[in-house]
Amino acid sequence: MTEIQRKMFSEMADQSVYDRALSFGKVYLDEVLQRNVFPTDEAIQNLVFFDEELNESHSDSHQLINDLQHYGAPATSAIMGGRYFGFVNGSAVPVATAAKVLSTFWDQNSAMDAISPLASKLESVVEKWLLSVFRLPPQVVAGFVSGSSMANFCGLAAGRCHLLQNQNWDVNKRGLFNAPLLRIVTGREAHSTVLKSIGLLGLGHDHIEYVDTDSQGRIRADLLPPLDNRTMVILQAGNVNSGSFDAFEPVCTQAREAVAWVHIDGAFGLWAAAVKNLAHLTKGIELAHSWAVDAHKTLNTPYDSGIVLCANKEALTNALHMSGAYLMVSKERDGMFYTPEMSRRARIIELWAALKYLGKHGVDEMVGEMHVRARQFAQELSGIEGFRVLNDVVFNQVVVSCNSDTLTNKVIEHIQRERVCWVGGSTWRGKKVIRISVCSWATTARDVSSSVASFQSSLQKAQAEL
Ligand SMILES: *Cc1c(COP(=O)(O)O)cnc(C)c1O
């Protein structure tokens, strides 16, 4: 036995290093709802601690965990809390974090049923649950990936494979050189990860036929070009700025008549389908062929967790095709046939835990409340001279501007410096804007009010500087 082996056996038997990590984690949870949402300047400066050459000899495990706590924890953003409104970042349902902690000890690889029967079972179960939550047809299959970037990639890969197959072109075998041209139709406000996937899939940004969007960022269905059986139409459930939803029913109907493929990027917005009051937003999504959705955003599972859904199992599994003499294909679900990766951590465990804990009613309550808090944000900000809400707050996103781009930028800087909450900036319809995303189960009416107060004091500071 080597010295390092002896050391590791003793860590495992003694267990105190795990206890230490767990107790630090609990201290973090005690503070995360109150603490500064973004790290202090000092905490960020202290990160130089990590700038060192890799040590030659072993480290002490307890010292290592201490250092991680001492220098690492203060330099985190309080995404777990209720006042992080940046990008579209979800918190974590407590029991989902607990399930993740437990499954960390199991260290499962969800590639195959032959490796982890548990992961295979939970993936099969959750796949069915998701179809019922989103009200999708029974033949839809799911792949459990890292996020919607990868889910968009998978959905578009399935579409590419299917449309080319219809042209008698096996893209896995023959590649894209000399392949029949495919067309891509999407709105001008398609998410950057959709464009990235189009690039990665070799389809080329120059082949995108952009359709103009309306004042809320929705694709103008009346301006769609004629579609055909070589076209991929990419729609959006939840515009990343305004939170708006495309008109799925008319576009999907048109696409189906033309035998085109429709993919919906529903990273955070697809969850509106699970809320009674908001379900009208996702009307017609069941007519699409593939969907991307995140669990780590609106559903508040721990990072990272995204899902690709596809109504054509053959297209998805062909697109992500792999083979090898050593693979063991089982009667049960082998997760790797639905994702680009072979080895994957069993993120399904946290997803299962979040859904099981919340139930349909809990998802409705939790996501519905995000909408209510977003509306509160919009209403309180509209009451303050100097802020203007630019979007219809149909879901969880609020887009706000001040009287000039310069002022908006300065206000964002001050809000970020106050650290009561965290919001980012964006450019929307040619204007600099503050983008608010309410995406945490932990956001309360008080969180919104105290954040609005920080907006107001930041506006005063910014105005004084001009
Ligand atoms: C966040 C987001 C993505 C990318 O998802 P990741 O989980 O960050 O990979 C794609 N589309 C939309 C609309 C998003 O909001």
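Student: Which residues line the second largest cavity, and what is its volume?

Tutor: Rolling a probe the size of a water molecule over the atoms shows where empty space is left. In this predicted model, the second largest cavity has a volume of about 30 Å³, and its lining is made up of V32, L33, R35, V37, A78, G81, G82 and R83. Sorted by class, that lining holds 4 nonpolar, 2 polar and 2 charged residues.

Student: How many cavities of 30 Å³ or more does the structure hold, and which residues lie closest to the centre of the largest cavity?

Tutor: There are 2 cavities of 30 Å³ or more, and the largest cavity contains about 80 Å³ of space. It is lined by 14 residues, with T186, G187, A190, Q236 and D246 the closest to its centre. Two or more lining residues come from each of β2 (183-187) and β4, and β4 gives the most, with 3 residues. The lining of the largest cavity divides into 5 nonpolar, 6 polar and 3 charged residues.

Student: Turning to the pockets, where does the largest pocket lie with respect to domain 1 and domain 2?

Tutor: The largest pocket lies between the two, because domain 1 (3-78) and domain 2 (100-354) both give residues to its lining. About 1200 Å³ of space lies in the largest pocket, whose lining has 33 residues, those nearest its centre being G25, Y28, M80, T97 and V101. The elements that give two or more residues to this lining are α2 (16-32), α4 (61-72) and α5 (94-106), and the most, 9 residues, come from α2. By class, the lining of the largest pocket has 21 nonpolar, 10 polar and 2 charged residues.

Student: How many residues of each class line the second largest pocket, and which helix gives the largest share of that lining?

Tutor: For the second largest pocket, the classes are 6 nonpolar, 11 polar and 4 charged residues, and helix α7 (residues 148-166) supplies the largest share of the lining, 3 residues. The space in the second largest pocket is about 300 Å³; of its 21 lining residues, S149, H191, T193, D294 and K297 are the closest to its centre.

Student: Finally, is T213 buried or exposed, and which residues does T213 touch?

Tutor: T213 counts as buried because its relative accessibility is 14%, under the 20% cut-off for that class. T213 is placed in the loop between β3 (208-211) and β4 (231-236). Leaving aside residues up to four places away in sequence, T213 touches G187, R188, E189, R218, I219, R220 and R429, and a polar contact of 3.4 Å joins the side chains of T213 and E189.

Note on methods: Residues are numbered from 1 along each chain as its sequence is written. This is a predicted model: local features need pLDDT of at least 70, side-chain atom pairs count only at pLDDT 80 or more; totals for chains, interfaces and linings use all residues. Side-chain values use heavy atoms; hydrogens and water are left out. Helices (H or I, at least four residues) and strands (E, at least two) are DSSP runs, numbered from the N terminus. Buried means under 20% relative accessible area, exposed over 50%, partly exposed in between (1.4 Å probe, protein chains only). A polar contact is a pair of N or O atoms within 3.5 Å; within protein, one must be able to donate a hydrogen and the other to accept it, and residues adjacent in sequence count only if both atoms are side-chain atoms. Contact means heavy atoms within 4.5 Å. On a 1 Å grid over the protein atoms alone, a cavity is a set of points where a 1.4 Å probe fits but cannot get out, and a pocket is an open set with protein on both sides within 12 Å along at least five of seven lines; lining residues have an atom within 4 Å of a point. Grid points are joined across faces, edges and corners, and a volume is the space filled by probe spheres set on the points. Ala, Val, Leu, Ile, Met, Phe, Trp, Tyr, Cys and Pro count as nonpolar, Asp, Glu, Lys and Arg as charged, and the others, Gly among them, as polar. Domain bounds come from an automatic or database domain assignment.
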